[in-house]
Each structure stands twice: as structure tokens, then as C-alpha cells.
Amino acid sequence: MENIQVPVMTGTVADKRPPRQPKAKKFDVGIVGGGIAGLYTALYLQREGHRVHIFEGTERIGGRVHTHYFTPDRDQYYEAGAMRIPMNKFQDIFFDLVKYVNARVSDERHISLIEYILATNNNLVYINGVRPQVTAFDTTPFLIGWPDIPERYQRSTAGELLVAAVDPLIQRLVNADDFEAEFRAIVKDFDQFTFRYYCINVMTGWNNSLVDFVETMTSQTNQFNLSVPELVMQSLDFGVKHWRTIKDGMSRLPEAMAHLVGLENITFGARVIGIGVCGERASITTRGYNGDLKVEFDRVVLAIPPAALRMIVDRPRWDLKKEMAIRALHFEPLYKMGLRFKMRFWERVKPRPSVGGQSTTDLPIRWIVYPSNGIHAEGAGDASGVLLVYSWMTDATNWLPLTPLERQNVAMTCLAQVYNGLKIDGKPLNIHDLFIESADHVWASSTATGDAMFLPGQFAEHFDVARRREGPIYFAGEHLSFHHTWIAGAAHSALDVVRDILKTPQLPPLGPLTPVHLSEPVHGVPPGVKAPFYFQPKNPMFLGTPGSSFNVPVPGHTSYLWPHKGYANDPASGEEQPVESSGDDGGDKGDGESEEDGGTVPKLPGYLGMLDKNALGVVSAHIASPNARAAWAMGRVTFT
Ligand SMILES: Cc1cc2nc3c(=O)[nH]c(=O)nc-3n(C[C@H](O)[C@H](O)[C@H](O)COP(=O)(O)OP(=O)(O)OC[C@H]3O[C@@H](n4cnc5c(N)ncnc54)[C@H](O)[C@@H]3O)c2cc1C
């Protein structure tokens, strides 16, 4: 976009005015990826007066923030991606972002934070077929007969051992005036080592078997083969006592952010397949269901994980170090399955009911995570509920070869083993009788492949070069922050990019004190173009076929095509369900149909995108519009 030249007035009136400052250049910025990093970048640049457009490869906003709603009823969801936020100063950027968003969205989109319970004293442990009467962190090698443990550590708990290993380095970070400088010092000293090597060589008398024990009880298989700084950062966050989650689902955050950015500034179903540099500008080529689109921008931000960037093969070759970093940066595989039951049996089972927190097993399911939402809701005792199983690293990869039905069977068999012999209301618990349905997300086979968790040497060797801009092209994402695997990390990396683009290193994070009207947000609908470009979802996978994760509202109908429902053993609940008004849910998420949506599109907990009435309008005025075919003022547009 060109600068708008304000004509200089001459004569007496103009002479009395202070001389005009030249306006700072306003950029058109193309952002690839609609995860937190892309959205944060867009929000920030837009409020500084720049014009942004996000290209999201899928039909959903939020990337790895992904709440799966089984039904529109309260608490019938699981967090397939991010689910909990520790309340420490390193996560301030998240809490500030929530306040920033809340100051600007309608009540309906307001984000409420509720307590997240990380662990309770009643959570179960199930190791090698044994269910000791302690929690995972309180388990000792002696208690479960772990082999080859030096005598002096036989009665040390897993929690004590982990703290002894990481605390000296954590204290350095917690007490540092300059976090980044201290983190870099730790990188300099320890980045070349795996955490396992560190434990065996720095901790007196530890052997491999003791490391295996601590890893099994406090982490997941082979995670201690990652670099020392990664495990220190992870322990720093998981050592926090108080946690929060978002009421009615984490997806409410990216959805609210997207509404602030403006749905007309986001193109869904637009997988970017090419990046080019044209002088000082850059181009994005994106492929949708009805053709390719090439757009030029002043700046391009690639807010996508390295696995996704690597698969954009039509792009400049950067120097060998940069390409090596893109190839190498290690992501740990992650796997989650949500299982919905007719009652929240885990809260009623005797003798050890789990009200929140998570149980630890050495089975393929590894962790059983109990929902913190809905614990005290009215009628929760008898209502259906959802728990999830969660695996990392090798434990996550092991699910890959299985079909969805096989995965469901494995998870159910594991859960039955853990709960074998426990009672509910005085009778033996049979979880198969209570099961309704499941859904899962194999992150290892999605574009991100998991979360960034670097191998030894990668912080020292690849981190800075991976973050470095290449001409008009900038890079963002959680992997490019010091705080891997957190929403906070994605937001930090986006803030770094915004500072870099605007050449203002001191820009503060978005927060409660950010003035609402520092400058009017600029919306990207170019003059003369009524409907911005939207890919029309013609592909069958977008039409709600079984197995699809996408829901297209059918204008004029009240039905709603549900996402992948897993494999319900109850045919009655396995069918697609029409969405009726569910009555007053007493919350802020809306309740079924509303006047606003004309009774045709159900309002679901935070569901965004094309379900939105306004977005629907845009979808129907898609590319066929001759105006949209005209040059899009953000740059030159080519349809092929
Ligand atoms: C299972 C799991 C549990 C987690 N738990 C927590 C937690 O409890 N707390 C927490 O704070 N964080 C958690 N995280 C981490 C957090 O979700 C991520 O750090 C953060 O969401 C990453 O945001 P991002 O924008 O960097 O990347 P992403 O969210 O991956 O966004 C990238 C986006 O780019 C899109 N994209 C990719 N390729 C292309 C392309 N070629 N063209 C167009 N679009 C493309 C993707 O579809 C995606 O929407 C978890 C993550 C996972 C997977």
C-alpha cells in the first residue's frame, strides 16, 4: 500500500499549524498460519495501522489450540491441543492477551479463566500391573520394585529426584534479572548434553535405571534424551502450583482473536504452496479448492512450524545454516484421545476418586487427564463427561500405525486395566458399559507434528538462525521462542516479529493497558472490492462426510453436521444430531439458535469461521464475484 500523501496547504491557515510529521510507512502484511503466532502478529500489526491478511491452510482457526466439542452441551468437549496455563511470570503474555481480547470483544466472546487442577493426592498410578497407593511424584523405586537402583536412592521419590536434578538451573532462571541472558548462559554450558547425560554425569551416583524411573514417573518415554535447557524450561513451568484453563474450551481464545482481526482478513482452506521475493516485497501462492492465488505483500510472516515450512518447496533457498535449521529443529510427537462416558465415573470411583489432575501409567495411554471444567457444575454428578489420554515422544509415536478403531480399543482396554477392581456406588465399575464415543488427534501426523523440543546442540546452533528474517520474510511460531510448547511461546515469537518489522525493539506485549484506540484498526477489505477472496469449500471433505473434521452449516437448515464422532458403541448417540436450542446454559457461550443468526446457524461454544453469519455471507459471495477477481488492492492477484 502506498503512503497517502496529504497535500500541504499554503497560506495563513496552514502557516499556523505545526509542521506535519511524515507518516510512518504502513505495510500490507501477508501472514501464513492462523495459529496463535499468526493471530497475535495480525492483531498487533493491525492496531498499529498496518493491513494484514492471514492464509490458513485448514478450515479452522487456532492451529494447535483446538477444542473438540462432542456435542454443544456444556462440558462435552476435550482439549485436543493446548489445555492448561501455569500462573507464573513467564506466562504473563498469555494472561495479558486474554485481558486485551476481553477489553474488545462482546460479552458472548468474553474469555473466562477457570482453575485447572494439575494434580491431586488421589490420582492413580499404574506401573507394571501394580497400583500403589501413592501419586506418581510420591512413588519410590522401592515401592514398585524398580530394578538396579543404587541403595541410597531406593526410597527417594520421583518428585524429589527430579527437583534435585533441575532445581539449581531453575533457580538461576527464576532469580535472573535478565532471563534471556541467563537462559543463553545455560545454553552455553549445557545445550550439548541430553538431560539423561546430565543426570548421570552431574548428579552423584545416578545410573540409567534411576533416570528411567524418574522419566517414567514424571515425564514420558525418551523425553530425557532431549537437551538440558528443554527439560529445565519444562520443569520450571510444571513446578507451578496454580493453573488456569479457558471455560468452555481453549479454542475460544483464537476464535475471539480472529474476530478482532476480522474474518474478512482471513482466508481459510488456503494452504500456502509458494513463497517468492520480488524486490523488496514478497509473494504468497496459496492453493484452494478452486484454484491458486498469488498475492504480493510488503512483508510476509511465516507463522508455521518447520515441518510445514519445509513442505513449501517452491520458495527461495536460504543459506545452508538456515536450511539446516529448518530441516533439523526437533518436535516431540504428541497424541491425545478424548473419551466420552455416560457419567464422570473417575470422580465417583472408590477408594480413590480423581477430581481433576491426572493419573500416571506405563501403558500406551500414559496419562489419564481428568477435566477441571464442570467439576462443580449443577447436575455434574449424573451428567456425561469427557476424560482424555495423553502421550508424548515415543509413547505418542506408537499410536501412529493403528487405525482409529484400533486406537479406541487400545485406550479402552488400558483404562479398564487401570480401573480394574474399583467400585462405583458399591458395585464393580465397568467402563465399557459407560462408554459413549471417542475422538482423537494424532499430532505427529498433522502439519506441526507435535511441539518443539530441541535435541542437544539445537538451541546453540539453530535457534538464532531459524528466527532471522530473510529480506521481507519473517518467521514466527512457538519453536522460535525460548518458551517452547506453550501458547506463551507462540505469542512471544510473534511479538519479536512485530518489533522487527516495525523496528521498535521496546514495543510492549498486548495487554490490559494497551489503549483501545491507539490507532483505528485497519481492516483489509480493499476499496472497491465488496467481498474479499474466500476459497469455496467444494472438496467433499468439506461437506460434512463421515470422518470429516469440518462442519458446514447449510443455509436454511437447522441441522449441523458433526465432526468425526469416533466410534460410538451406542448407536443412538453415534448419529448426526440436529442442533436444537439447548435452553439457557447460564453461561456466556450462547445457547443454540439465536435471533442474530436467524435461526439457521447454531451458536456453539465459541465456534468460529464459516459458521458465523457474517462469514457465511462472505462465503456465499466467494470468488465468483467479478469484483473479487479484480486486482485485490493488497497486491497484485493472479488466478491460475
Ligand atoms: C497436544 C498439545 C498440547 C499442548 N498443551 C499446551 C498447554 O497445555 N498449554 C499451552 O500453553 N500450550 C500447549 N500446547 C502448545 C501450544 O498449543 C502451541 O505452542 C501453540 O498453539 C503454537 O502456535 P503456533 O502459532 O506457533 O503454531 P500452530 O498452532 O501450529 O499454527 C500454525 C498454523 O499454520 C497452519 N499452516 C501450516 N502450514 C500451512 C500452510 N502451508 N499454509 C497455510 N497454513 C498453514 C496450520 O494449519 C496452523 O493453523 C500444546 C500443543 C499440543 C499439540
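**Notebook: burial, core and R84**

I looked first at burial: 47% of the 640 residues in the chain are buried, where buried requires 20 or more other C-beta atoms within 10 Å of a residue's own, exposed 12 or fewer, and partly exposed a count in between, with C-beta atoms placed from the backbone. The model is predicted, with local features needing pLDDT of at least 70 and side-chain atom pairs pLDDT 80 or more, while totals for chains, interfaces and linings use all residues. Residues are numbered from 1 along each chain as its sequence is written.

I then looked up the secondary structure and found 20 helices and 24 strands; these are DSSP runs numbered from the N terminus, helices being H or I of at least four residues and strands E of at least two.

I next turned to the largest nonpolar core, a set of buried Ala, Val, Leu, Ile, Met, Phe, Trp, Tyr and Cys residues joined through C-beta atoms within 7 Å. This core has 149 residues, and V301, A491 and A494 touch the most other members. Helix α17 (residues 487–502) gives the largest share of this core, 9 residues.

I checked R84 last. UniProt lists R84 under "binding site" in an unreviewed entry; such annotations may be inferred rather than shown by experiment. I located R84 in the loop between β4 (77–79) and β5 (85–86). R84 is partly exposed because 18 other C-beta atoms lie within 10 Å. Leaving aside neighbours within four places in sequence, I found R84 in contact with Y116, L118, W243 and T245, contact meaning that C-beta atoms, placed from the backbone, lie within 7 Å.

Definitions and conventions
Two residues are in contact if their C-beta atoms, placed from the backbone, lie within 7 Å.
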